[in-house]
Amino acid sequence: MREIHKPKSAIRHLAKLPVAAALFGAMNASAAPVAEVKLAPVEVKADVQNTKDTDKTYNAPVTRVGRTPQAARDIPQSTTSITKMLMADQDSNSLKEALRNAVGITFNASEGGSSGDGVRVRGFGASNDLYLDNFRDAAQYNRDTFNTDTVEVLRGPASMIYGRGSTGGIINQVSKTPFRGDLNQFTASVGTANYYRAEADLNRSLDDNAAFRVNVMGQKAGSTREGAEMNRWGFAPSVAFGLGEQTEVTLSYMHYQEDNVPDYGVPYYRPLGAGKREEIKGMKGYYRDSIGGNNLPISHADKFYGLKDFDSEVTKTDVFSFNLQHRLNANMLLKNSTRMGLYELDLRASAPSLAFLENEVLNDNTIITRGRKLRMREQAIYSNVTDLLWDFETGTVRHNVLAGVELTRESLLGTGRTQLDAKGGNCLPSTTVGNPTSGSHAACLAPVKIATADSTADTMAFYAQDLIELTPQWKVLAGARFDHFKAQTENKSFTAATASPDAGRTDNIWSWRTGVIYQPTANQSYYASYGTSFNPSAEAYSTDPKNENLDPEKNRNMEVGAKWTLLEGDLSLRTAIFRTEKTNERQTDIEVGVNKPNVLSGRRHTDGIELEGAGRITADWQVFAGIALMNPRIDEVTKPKTVEGNYAENAPRYTGNLWSTYQLNSNWKVGGGFNAMDKRYTSNTNTVNLPAYIRWDAMAEWRLRDYSVQLNVNNLFDTDHFESLYAGFAVPGTGRTARLSASYRF
């Protein structure tokens, strides 16, 4: 409860009303001065409700991407905000599920033994461009949304704001934070494929200007893939002081753990005679193709070829945050944010591949061999960012300045391991295409450490940008950032083999961002922009000796677009035409041979157009929809030249989505929609592809006061499709599933 006191000055306002004027006139006639008339204070009490916009709509006119809250219409780049209400209606409990609403995004599978969310934006890798509250979150784990308020996508190079990376864009997760008011919400879910989940979101006002919030989640879930599991739990408390005052302080912590059975999907089928065949070592008479023709993943999308009682993916994430902001005056705000992220990964997976007898045609009895994928990582990210936000005027020109300094240290200890049988061979049992079995794994000895790579990366950067309002209709954005990025790797070997040499590199580079915005009315915004970014050779921490002497890759984005708000601000529309280029991609130098330094000789680009709409069409009708048409092409490579002109890997020519809900009455809401994706090639050779698909989902909710029950059916028509890919395999998307959730909120 909050207490609101009516000030005594209200008497003067009351006196202006006709009836009140007569009353005060009578009081004056009796010679009692107005100053001597005292009224008892009027005390009004009311509950303070949580009125956060993302709880109520799919439209987010304000975005936090770019380090500070800002109107989306003032950002001369494509942005998407996936709100808490949209995620709740879709029952999107992971970052991947939420990002299905953002066009132009695809996913990589666990390439090379990696793990976690492998994201691509506009055809460019973005796994190292994931952020949590505008801090880099480039660790390998599968992110959950239990503590997420909004997921934001900023498309196009953004090194001026975030430093290295961001060729195709960045993804920012906005955490839930304490607010003034009380909230108690409990949700329990059950579903097909052995799905069980429970969540709690509790917020409590400590006084008028302080609050405490905690989010808790636990999940145990199987898969339509008959063996994969997604088990996790998390705990995220936070406390804020000085809410709405001159100085605000927020402290938060998130602990998150996974204990999964990882899924390395299904291998690709290379038809007989498509390429050269080679005999598999240790399996006399069995062969695998080394070069493929027009290939597809094998059709048994519901079959799991891992070892469900032997494989594991264990992650642990701890994130500590301290945020302080102080308003120096009405036009100047100083912010300092500190983040410590600690991440651990222990991956033990079985990767399937096909093995054929000579002249065999693929059938249910075709042999599948399993290769061991082992990865261990200990990672830490320490970062401090200081920002100054300053609004001021020079004559008739208004400036909105953001200036800041970033100091970051990142470390990664990667451990290479092997797991063999007593004879030093592959200890994993083989299986068959049509009847995969877990098999015996008793022949496997304990994993053996063979090498480590101890990497550190230090960033020292300063940046500034100014959004200049020349007139009420015209604005110009200009910004620059300087990065001093130093990385080094120490390699150790624990076998007779020679370890890779130690390597290190230091880069000093400028990034730029500029744009012109024309806003003829309050609900129209048109823009043209240009931005750059860079990818150092040690972008993912590990420094490769072959890249040690290479300058960073350079990227640029040219974009024109428009943003509109309709229906009194309830509905937002945007469109953009863009060209994103990588002008000097790292390539193997075929002139100097194997294990020689690489060269910066590659080029690629993506041309495209995007359209997106989000918000409320009527009081009862919500919609979120988008489409992206892309032309992602390889322009130049060292070898093979036949690749030039091909489509880039994992970059479909179109992606689209639609989700809509309608409130039938005070109790019932129904909704549904689809995701569509064109075929994707698994490599730049364009020989293997995943077919196009359309997946439909639906939901229904019944609500009575503080109670609600919601049913979500995903992949309504049980459409076969593939969620993610790598050069050797693809991971099938989830088959038809149903989840029933019950919530109590008070």
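A residue counts as buried when its relative accessible area is under 20%, as exposed when it is over 50%, and as partly exposed in between (1.4 Å probe, protein chains only). By that yardstick, buried residues make up 52% of the 746 residues in this protein.

A word on the model before going on. It is a predicted one, where local features need pLDDT of at least 70 and side-chain atom pairs count only at pLDDT 80 or more, while totals for chains, interfaces and linings use all residues. Side-chain values use heavy atoms, leaving out hydrogens and water, and residues are numbered from 1 along each chain as its sequence is written.

The secondary structure holds 5 helices and 43 strands, taken as DSSP runs (H or I of at least four residues for helices, E of at least two for strands) numbered from the N terminus. Of the contacts (heavy atoms within 4.5 Å) between residues at least 6 apart in sequence, 68% join residues at least 24 apart.

Here are two residues side by side:

| Residue | Location | Relative accessible area |
|---|---|---|
| A698 | strand 39 (residues 693–704) | 22%, partly exposed |
| D718 | loop between strand 40 (707–714) and strand 41 (722–725) | 39%, partly exposed |

Let's start with A698. Leaving aside residues up to four places away in sequence, A698 touches W659, G671, G672, L711, N712, V713 and L716. Its C-alpha atom lies 6.5 Å from that of N714, a residue 16 places away along the chain.
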